[in-house]
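Dear colleague,

Here is the structure you will be working with. Please look it over before reading the notes that follow.

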Amino acid sequence: MVISVSCAPLCNLPRPLRSTPPLLTPLQVIMVSHKEFEGAGKQPGLQVWRIENMDLKPVPKGLHGNFYTGDAYLLLFTTQAPSHYIHMWIGDECTQDESGAAAIFATQLDDFLGGGPVQFRETQNNESLTFVGYFKSGIKYQKGGVASGFQHVVTNDMNVKRLLHIKGRRAIRATEVAMSWASFNQGDCFIVDLGKDIYQWCGSECNRFERLKASQVAIDIRDNERNGRAKLQMVEEGAEPPALTEALGPKTSIAPATPDDDKVDTSNRKKGALYMISDASGSMKSSVVAQSSPFKQAMLSPEECYILDNGVDRNIFVWKGPKANMTERKAAMAAAQQFIKEKGYSDKTQIQVLPAGGETTLFKQFFSDWKDKDQTTGPSKAYTIGRIAKVEQVPFDASTLHSNKAMAAQHGMVDDGKGKVQIWRVENGEKVPVDPSSYGQFYGGDCYLILYSYRLGGREQHIIYTWQGLKCTQDELAASAFLTVKLDDSMGGAPVQVRVTQGQEPPHLMSLFQGKPMMIHSGGTSRKGGQTKAGATRLFHIRQSSSRATRAVEVEPSASNLNTNDVFVLKSPDALFVWRGVGASDEELEAAKHVAGFLGGSANNVAEGKEPAGFWSVLGGKKDYQTSKSLQNMVKPPRLFGCSNKTGRLIVEEVPGDFTQSDLATDDVMLLDTWDQIFIWVGNEANAEERTGAPKIAKEYVDSDPSGRRGLPISTIKQGAEPPTFTGWFQAWDANMWDTDPLDRIRARF
């Protein structure tokens, strides 16, 4: 039987019987490109489509992260390289027809992109870390779907009425629940979204970090779904305002906290079996290659396709040999679904389909001797996913960890930053124009409004960035929020509003200064007359993000802040140095020239390892700094985990996406795995069980590594006393970050 799939919707597909999942072999589908694929994967970032009436409909950028539970979605994430990740997402109430259509479109898109992408099958509440990492401010599940007439539109419509239940400390999920007091419990945060007013309700037993994460969801709804036009309020259990009882009816008693679902035991990470799949007999068959991991890389023949079965941990991987026949390669996803069914695994099992050269860390950790192309030792993660021949392996530079992919995807690199830029500083409650000659200079003691205008499809579009310095006053923070709304109103409410905290600049904002780095001064102000004097000795840390924009951040002038991967500019009353680390890029050196020009004086170029004595004396003497060679040639991003017993038992969860210093939960113990060593970071408010349990977890974590890594150094460090070997993994580490309460900082953005 041949089904012809044209560019038109898939409405002519025969309806599969309810009892059989739609397993589509390439024999059933003739590959034809879809009109939506024409722009697919052309630019770095995230693209999202929903399956509507068996066709693909794009979801607007501002609503990325919102999923209707009755629907299926197709997502494509494109990296700078470029390389591609395809995800099909299936909601709990999605029909077989829609999930079948999603599978066809995923296979077509993979085909359209030349068979090089990594493919994931995601199910509601069981998404991969890769997927969750795209949405740093949380995933929102909404009731309903296409069938019940629900559309994805960004509106200024204020007639919204919904209740969201917020779960998770690292991977945040907001699920729409019945609009009633019976849905609440004392251990969690809830968002009561009434359109122009958004209330964050905190149960009496919910902890600080959960409040922090729930606030990010609330801010995201305001900024992206309401274009910044809603008011946020934090409400404590027992102090509900009348508006809540009007919306929810008279308050009834609130249920006690409920324990979270048990996490799968880490020992399951060891359990894997390897199967070869073939269609020699005309139908897919699997035969055992090895009963248990660790495996040897030589077991994978380039002529074949394989299934790595880690079903006990709800993971199935399909590896496509570069020389395997086309039928086998295209049927990979269908074969995995068939395999799950035969093994009786949960239909929530995650599937990853990997081309040779595009293996994920999760897959490679099952092999004891994995070597990537151009690499000589141990298991690793290539930052570039794609066909080896076409895509050069991008050497790792630490900026790829910190440039915030999730933010770039959410706020979108809308263009190349060459539009019109206007900047104002907040002064005495008013906005005062900044002299264009100093555009790109930002002072920690100030707040700024940046209006960016560009043309898209013949229409003028606007973004207002509100940049808030870490040392500005409470009055300036309030004024910056008020002035943003005023500016937005004066432009008819059309602009997109983006609030930016110093040090968390999205790539697009960094790209507005056209070839010049964005310079962030730690304190001070650019006001005439009110100018506070800068320190006599200043040090700027220059790093390029994965979107090719550079940022120069002022740090404490101490040798411990140097980093072998970056460029630094050091200014003293009688000298100016440009220091280049071994792993730094030419673009970072280029950016340093602008910084040196701004600071004035003629610069001495200093190469790491050849520093004159005068250089060290300006920095107050030579000290240890981040020189990890693994950071230099590394093709493996470090991983950050939280260890928490907030649920009553000690569990370990990975932080999704690109982590930052603010992902370190002060009421937990965190594990940082940098591949050649493990750090245990102890937050000041972590409890006794977490403190005593973490070293044991770290040891188990290393010992249960399927690749057989053993005996790594494990360092325990305390919040506030972090050595440079730890802080160097975070860009522009702020030693004073915890002097103010993180909760107060996020409340200031309400």
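**Strand pairing and cores**

In strand E26, Met 519 is the bridge partner of Gln 441. Please keep in mind that this is a predicted model.

The pairing behind that bridge is parallel: strand E22 (residues 441-443) and E26 are joined by three bridges. E26 also runs parallel to strand E28 (residues 550-555), again over three bridges. In that second pairing, Met 518 stands opposite Arg 551 of E28. Which way do the side chains of E26 point? Met 518 and Ile 520 point one way from the strand (residues 518-521), while Met 519 and His 521 point the other way, and all are buried. This can be read against a general rule: in a regular strand, side chains alternate between the two faces of the sheet.

Next, a sheet elsewhere in the chain. Five strands form an open sheet in the order E33-E32-E34-E35-E36, and the pairing is mixed. Strand E33 (651-654) and strand E36 (714-718) are at the edges with a single partner strand each, so one side of each has no neighbour in the sheet. From one strand to the next, the twist averages 25 degrees. Strand E32 (residues 639-644) pairs with E33 in the antiparallel sense over four bridges, and the bridge partner of Ser 644 in E33 is Ile 651. Helix H15 (residues 688-703) packs on this sheet and touches E32, E33, strand E34 (669-673), strand E35 (678-682) and E36. The direction of H15 makes about 165 degrees with that of E35.

Now the interior. The largest nonpolar core has 35 residues, and those touching the most other members are Ile 166, Ile 191, Leu 664, Leu 672, Phe 726 and Phe 730. Elements that each supply at least two residues of this core include strand E10 (162-167), strand E12 (189-193), E34 and E35. Helix H3 gives the most, with seven residues. Where does this core lie with respect to domain 2 (162-248) and domain 6 (632-748)? Both domains give residues to the core, so it lies between them. Another core, of 33 residues, lies apart from it and has Leu 46, Tyr 73, Trp 89 and Trp 370 among its members.

One last residue to look at is Met 234, in strand E14 (residues 231-236). Its C-alpha atom is separated by 4.8 Å from that of Gln 200, 34 residues apart along the chain. Leaving out residues up to four places away in sequence, Met 234 touches Gln 200, Cys 202, Ser 215, Arg 747 and Phe 750.

Regards

Methods: Residues are numbered from 1 along each chain as its sequence is written. This is a predicted model: local features need pLDDT of at least 70, side-chain atom pairs count only at pLDDT 80 or more; totals for chains, interfaces and linings use all residues. Side-chain values use heavy atoms; hydrogens and water are left out. Contact means heavy atoms within 4.5 Å. Buried means under 20% relative accessible area, exposed over 50%, partly exposed in between (1.4 Å probe, protein chains only). Two strands pair if DSSP finds at least two bridges between them. Axes are lines fitted to C-alpha atoms, for helices over the stretch in contact, and angles run from 0 to 180 degrees between N-to-C directions. A nonpolar core is a set of buried Ala, Val, Leu, Ile, Met, Phe, Trp, Tyr and Cys residues joined through side-chain atoms within 4.5 Å. Domain bounds come from an automatic or database domain assignment.
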